[in-house]
Amino acid sequence: MITWMQKNKKYLVPTIWISTIAFVGAGFVGWGAYDMNTNRATSVAKVGDRAVSIQEVNEKYSQLYNQYNNIFDGKLTEEKAGELGLQGMALQAAIQESMLLNFANELGLSASDEDTVRYIAKSPEFQTDGVFNKNLYYDTLRRARINPNDFEKGIKRAVLLEKLNTALSLNASAKDVEIMSSAFSMQDTIAFSIISADESEIKVDEAELKKLWESNKDKYLTKKSYDLETLTIGISNDEADEALVKAFYEENKANYRDAEDKILSFEEAKERANKDYLIEQSRRSALEKYVAVKKGELATDGSLSFAEDDAKLPLEEFSSAKSGDVLKPILTHNGYIIAKVKSVNLPKPMEFDAAREQVLKFYMQDKFSALMSEKAKSELVKFDPKNAEKTTIAKDKESKVGDLDMFEVGNFVSQVFDSANKKGYVVLGEKAVIYEILEQKLLTNSDESHNVLAMQNMQAMKNNEMLQDLIKELQKRYKVEEYIKR
């Protein structure tokens, strides 16, 4: 267990303090502004007098997705992220962050433009040979589809939170470290048995299923969707006049770099420059036609409909769109699309047949949990430790318990050490572990890295406790309004 903690210690400290911007991750989530008030179209909540933007919550979601994706060795899916509740966690994190930002302002703390510039200039992602590179900065944000203003607002929030963290942070005492080290050094020898269940053992009661849907209708909503009238302006595949392409390259040569960040020659960049030039020419044509469509002088000739969970166009372009709006040209692989919004269809409760699969998933989880608890209680009475499999579990090293995976083992070990009982069971989703402790030891450990980790985690625990207490008080101080269903 301690090995996993050493590898992933950055996930053990409170992450609410520092807001980092993720360049790669799950991208944007279709939160939807479900409130009918148009002034709230780009916000998901309000804390005190401060609006919590969709962008802020998407940043939180991307951070959480990256963290959990690392824990899952890069195998996290959107479906799994949904099961873990990352969307709700992201919204809650953004709301709590807004509370802290309000509190920081009350204390007289602030983040200046100069603070933001220094923070960005020190970021290795934007440096060439250890020196801030302005072109690299804008190019990196452009490739990540991040607006520089949004990014810098996020950095300013991060700087202010860091100042608040510095002002309030607590240190761990020597006694604290000793206590934490002792907790890490506990080791038990156990006898155990793993039991499981199968879906065939659960009979789905349709009446119960429908009753569950009836009592939770607001949780099963259709996705926000859009109906559009469109006009597509294609991009030529021909070779453009070389002189024009070369002039275009000279104006934009900073965008054409090799793997070592050196500017490519015209001949090396010619193919890319030709393509970019043709895209630019199509963009100009698209802008002219956009004006004509907006004035009603040019008709659209196509249509497109999609929901937020199956977006055909970048969702950020539609965050504040309303019926009748004509959106500026959007670049796609087919060319530029001019979209006139025919209708914006807000989320509404699904009918039972449409929501059944989602409801069934939660129904089965509850039934499995109840089934496993019943099975485990029954098997515990008959459990014979003499004939059972044996293993050693500890908090200071990775443990192996049958065929449980790393996360199941961590959950099991944590619950065993938190329990005062010598024998019992732990339910882990669709399986359960019955155990009896045969021997307990408290080991000594003089490893310096072990003590450093103990200190880091004790400081994290103390600061997390302080942070949670502070947030409880701030919840009383600041009124919170949420504009979306959870």
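1. Two strands count as paired here if DSSP finds at least two bridges between them. In this predicted model, strand S8 and strand S9 (residues 335–345) meet that condition, with five bridges joining them in an antiparallel run. Within this pairing, Leu331 stands opposite Tyr336 in S9.

2. S8 and S9 belong to an open sheet of four strands, ordered S7-S6-S9-S8, with antiparallel pairing. The edge positions are taken by strand S7 (302–307) and strand S8 (326–332); each has a single partner strand, so one side of each has no neighbour in the sheet. Ignoring direction, neighbouring strands of this sheet are turned by 35° against each other on average.

3. Helix H11 (residues 266–295) lies across three strands, namely strand S6 (225–233), S8 and S9. The angle between H11 and S8 is about 160°. An angle over 145 degrees counts as roughly antiparallel, so H11 and S8, at about 160°, fall in that class.

4. A second open sheet has three strands in the order S2-S1-S13, and its pairing is antiparallel. Strand S2 (50–53) and strand S13 (480–482) are the edge strands, each pairing on one side only. From one strand to the next, the twist averages 20°.

5. In the three-strand sheet, strand S1 (residues 43–47) pairs with S13 over three bridges, in the antiparallel sense. Val47 is placed opposite Val480 of S13. Helix H4 (residues 86–106) packs on this sheet and touches S1, S2 and S13. The direction of H4 makes about 35° with that of S1.

6. The next point is a helix pair. H5 and H7 pack with their axes 9 Å apart and at an angle of about 100°, which makes H5 roughly perpendicular to H7. On the H5 side the contact is made by Asp113, Asp115, Thr116, Tyr119 and Ile120. On the H7 side the contributing residues are Phe151, Glu152, Ile155, Lys156, Ala158, Val159, Glu162 and Lys163. By residue class, the contact of H5 with H7 divides into six nonpolar, one polar and six charged.

7. Aromatic pairs should be read with the cut-off in mind: ring centres must lie within 6.5 Å. By this rule the model has 14 aromatic pairs. One of them is Phe126 with Phe151: the ring centres are 5.8 Å apart and the planes stand at 90°, so the pair is edge-to-face. This pair links distant parts of the chain, 25 residues apart. Phe126 sits in the loop between helix H5 (113–121) and strand S3 (127–128), while Phe151 is in helix H7 (residues 148–168).

8. Both Phe126 and Phe151 are buried. They also belong to one aromatic cluster, together with Phe132, Tyr137 and Tyr138. Phe151 thus appears in two of the settings described here: the aromatic cluster and the contact of H5 with H7.

9. One backbone value deserves a check by eye. Asp129 has a positive phi of about 55°, although it is not a glycine. Asp129 is found in the loop between S3 and strand S4 (131–132). Is Asp129 buried or exposed? Asp129 has a relative accessible area of 78%; the cut-off for exposed is over 50%, so Asp129 is exposed.

Terms used: Residues are numbered from 1 along each chain as its sequence is written. This is a predicted model: local features need pLDDT of at least 70, side-chain atom pairs count only at pLDDT 80 or more; totals for chains, interfaces and linings use all residues. Side-chain values use heavy atoms; hydrogens and water are left out. Rings of Phe, Tyr and Trp (its six-membered ring) pair if their centres lie within 6.5 Å; planes under 30 degrees apart count as stacked, over 60 as edge-to-face and the rest as tilted. Buried means under 20% relative accessible area, exposed over 50%, partly exposed in between (1.4 Å probe, protein chains only). Axes are lines fitted to C-alpha atoms, for helices over the stretch in contact, and angles run from 0 to 180 degrees between N-to-C directions. Contact means heavy atoms within 4.5 Å. Angles under 35 degrees count as roughly parallel, over 145 as roughly antiparallel, 65 to 115 as roughly perpendicular and the rest as oblique. Ala, Val, Leu, Ile, Met, Phe, Trp, Tyr, Cys and Pro count as nonpolar, Asp, Glu, Lys and Arg as charged, and the others, Gly among them, as polar.
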